[in-house]
Amino acid sequence: MSNIVLNITESLNGQPWRWREGHVDARDPHFAPDDLITQLLMARGVPHDDLARHRDPTIRGFMPDPSIFRDMDTAARRLADAVIAQEQITIYGDYDVDGATSAALLVRLLAMLGLRAGYYIPDRLMEGYGPSGEALVRIGAGGSKLIITVDCGAMAYDALSQAKAAGLEVIVVDHHKCAAHLPDAFALVNPNRLDENDEAASHGHLAAVGVAFLLGAALLRELRGRGFFAEQAEPKIMPLLDLVALGTVADVAKLQGLNRAFVAQGLKIMAQGQNTGMNALIEASRLTRAPTCSDLGFALGPRINAGGRVGKSDLGVRLLTTDDREEARAIAGELNRLNEERRAIESTVQEEAERMLPAQHNRPISLLAGKGWHPGVIGIVAGRVKEKTGRPSIVIALDADGIGKGSGRSIAGVDLGAAIISAREAGLLIAGGGHAMAAGLTVAEDKIEALSAWLDERLAAAVDRASGEKALLIDALLSPGGLTPEFVTAMEAAGPYGMGWPGPRIVTGPLRVVKCDIVGKDHVRAIVAGDDGRSFKAMAFRQGETALGQMLLHGGAGRKYWLAGRPKIDDWGAAAKAELHIEDAALAD
């Protein structure tokens with residue numbers, strides 16, 4: 001029990017608070033920010049002798065030789081042939097942020113090499129996920145005999161067979177889980193191939209845009225070896241890292257190793273404002289400073305996604321590849337409008353889905369289906385349901401023909417993508433795939449109950465283990481007066497934070513609630529003060545109706561609490577201030 005924080009074994013949210021390995025007590029008079037950074041890095045798995053590389057994650061420090069991946073050299077050689085011969089190429093991308101950024105990266109890189117590539121983004125509602133044979137054949141009939149699929153294609157057996165029969169060559173650049181039998185592609189570059197070597201497989205956490213970046217590096221090396229740059233300047237690939245950063249964070253890829261370097265360096269490129277479309281997107285998002293990692297996931301990414309969810313699927317690629325400022329502003333404005341429309345649709349579907357939860361409270365997997373639900377928001381709603389229940393969740397939108405499009409989100413320790421692939425192989429699904437934390441599927445309405453029972457049986461043990469290990473992990477303990485912008489800045493130096501590289505969580509107190517109210521939709525805002533006379537603002541997002549929110553709003557008068565959450569900087573005012581985003585609380589008296 002020595003790792004229990006402040007002897008709190010059951011918080012307001014019914015969980016123990018445990019020290020994350022390598023925690024610090026910032027109340028110690030000998031505390032130094034550099035010690036904090038060291039401990040934060042080590043607590044996230046960095047060996048002591050590798051601290052220097054992780055303190056400043058660079059591409060050079062983490063970049064593998066692209067040739068370690070199967071089919072990478074084959075793909076690079078074929079692309080180099082196309083560049084030299086000025087062949088017509090089409091990039092076929094998925095309709096989400098990862099697909100848009102992957103496609104934009106290759107389009108921009110090929111343009112730097114003098115080849116104007118086309119792109120094709122399928123309509124989510126009309127065509128669904130992944131390449132269709134009909135679309136590939138149609139693209140080929142238009143003159144593109146070489147097609148590159150990005151963020152899709154790893155399970156596109158029928159589509160790639162049709163393309164090959166039509167005389168097309170398809171290079172697949174993907175990161176989704178593969179089956180043992182691969183589709184018939186000219187080359188299939190994916191670190192999650194089951195036949196990859198250990199070094200390549202260790203990069204299975206890359207988003208598709210990261211794999212596309214590695215293909216771009218391999219292409220430049222191949223062209224360099226052929227003397228292509230003897231009489232012309234070699235383009236630099238590093239300025240495209242802003243696209244890699246956006247796609248990586250928005251796809252909720254683990255920010256470990258190379259991904260962390262991609263995001264750290266990509267944010268620096270983004271701050272330089274070299275991409276006209278990205279600048280317009282930042283402006284439309286009402287950001288008045290250089291974007292942070294969280295901005296990629298919560299401000300920029302959702303707007304790119306809105307095109308594929310409720311609008312025109314190619315808007316994201318159009319925005320990220322244009323150099324026309326007026327066109328960029330117009331597209332960014334349209335994406336901003338579509339994002340507002342998406343929020344309204346999402347709210348309706350979420351309310352209806354959550355009304356179904358009581359009937360599923362004893363099931364390890366929340367599987368919710370509704371007719372008329374918009375398939376463009378089901379992934380977001382699945383994520384919200386997962387947050388609310390603490391269990392893997394799948395949300396399915398049923399159409400008038402009884403065919404359901406589903407999207408799932410999982411919890412740490414439960415591989416949902418593998419389960420969906422197995423369900424497909426068991427004949428329960430029309431289509432399906434994904435990765436550990438997210439998956440997509442197509443299912444007939446009369447198979448939904450059988451699918452639910454099958455997933456319950458397959459994943460119950462993993463869900464039980466993951467739930468039994470539930471605890472709030474704490475990185476640091478500090479007094480209320482210690483929550484300063486300087487402290488938060490020191491913590492941020494061990495970032496960027498995200499999936500697989502969790503942001504620091506602190507405990508501070510004892511604190512009393514001075515003032516509290518509801519802002520926005522179900523967000524709780526409070527002013528809290530400590531015994532040291534220091535006060536600060538705290539936010540509890542989407543907590544208005546929870547026990548935590550009700551305590552802050554009504555039950556805190558005259559009592560003191562320890563608060564746990566994420567320290568942040570509020571930079572909207574004239575001077576930056578530190579605030580706490582509350583995740584849990586416990587009585588301090």
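At what angle do helix α11 (residues 258-272) and helix α13 (residues 293-310) pack, and how far apart are their axes? The two helices pack at an angle of about 70°, and their axes are 10 Å apart; axes here are lines fitted to C-alpha atoms, for helices over the stretch in contact, and angles run from 0 to 180 degrees between N-to-C directions. That makes α11 roughly perpendicular to α13, a term kept for angles of 65 to 115 degrees. Val263, Leu267 and Met270 of α11 make the contact together with Cys293, Leu296 and Leu300 of α13, where contact means heavy atoms within 4.5 Å.

The model is predicted, so local features need pLDDT of at least 70 and side-chain atom pairs count only at pLDDT 80 or more, whereas totals for chains, interfaces and linings use all residues. Residues are numbered from 1 along each chain as its sequence is written, and side-chain values use heavy atoms, with hydrogens and water left out. Helices (H or I, at least four residues) and strands (E, at least two) are DSSP runs, numbered from the N terminus.

**The parallel sheet**

Five strands form an open sheet in the order β3-β2-β4-β5-β6, with parallel pairing; two strands pair if DSSP finds at least two bridges between them. At the edges stand β3 (118-120) and β6 (187-189), each with a single partner strand, so one side of each is left without a neighbour in the sheet. From one strand to the next the twist averages 20°. Helix α6 (residues 133-141) packs on this sheet, where it touches β2 (89-93), β3 and β4, and its direction makes about 160° with that of β2.

Strand β4 (residues 146-150) pairs in the parallel sense with strand β5 (residues 169-173) over five bridges, and β2 and β4 also pair in the parallel sense over five bridges. Ile147 stands opposite Val170 in β5, the bridge partner of Thr149 in β5 is Val172, and that of Gly93 in β4 is Val150. Five of the five residues of β4 are buried, so the strand is largely enclosed by the rest of the structure; buried means under 20% relative accessible area, exposed over 50%, and partly exposed in between (1.4 Å probe, protein chains only). Leu146, Ile148 and Val150 point one way from β4, while Ile147 and Thr149 point the other way.

**The mixed sheet and its helices**

A second open sheet of five strands has the order β7-β8-β9-β11-β10, with mixed pairing. Its edges are β7 and β10 (431-435), each of which has a single partner strand, so one side of each is left without a neighbour in the sheet. The twist here averages 15° from one strand to the next. Strand β9 (residues 403-409) runs antiparallel to β8, and six bridges join the two; Ile394 stands opposite Gly408 in β9. Helix α16 (residues 378-389) lies across β7, β8 and β9 and runs at about 45° to β9. Helix α18 also packs on the sheet, touching β7, β8 and β11, and its direction makes about 165° with that of β7.

Helix α18 has 21 residues (448-468), which at 1.5 Å a residue should span 30 Å, and its end C-alpha atoms are 28 Å apart, which agrees; the expected span is 1.5 Å times one less than the number of residues. There is nevertheless a kink of about 55° in α18, centred on Leu459, the bend at a residue being the angle between axes fitted to the seven residues ending there and the seven starting there. The buried residues of α18 include Leu451, Leu455, Leu459 and Val463, and among the elements that cover its buried residues are β7 (366-371), β8 (393-398), α17 (416-425) and β11 (438-444).

**Backbone exceptions**

Most residues other than glycine have a negative phi, and most peptide bonds are trans. The table lists exceptions.

| Site | Backbone value | Location |
|---|---|---|
| Gly495 to Pro496 | cis, omega about 0° | Pro496 in the loop between α19 (485-492) and β13 (506-519) |
| Gly509 to Pro510 | cis, omega near -10° | Pro510 in strand β13 |
| Arg286 | phi near 65° | loop between α12 (276-284) and α13 |
| Arg542 | phi near 55° | loop between β15 (535-540) and α20 (547-555) |

Arg286 is exposed, with a relative accessible area of 55%, whereas Arg542 counts as partly exposed at 37% relative accessibility.

Terms used
Angles under 35 degrees count as roughly parallel, over 145 as roughly antiparallel, 65 to 115 as roughly perpendicular and the rest as oblique.
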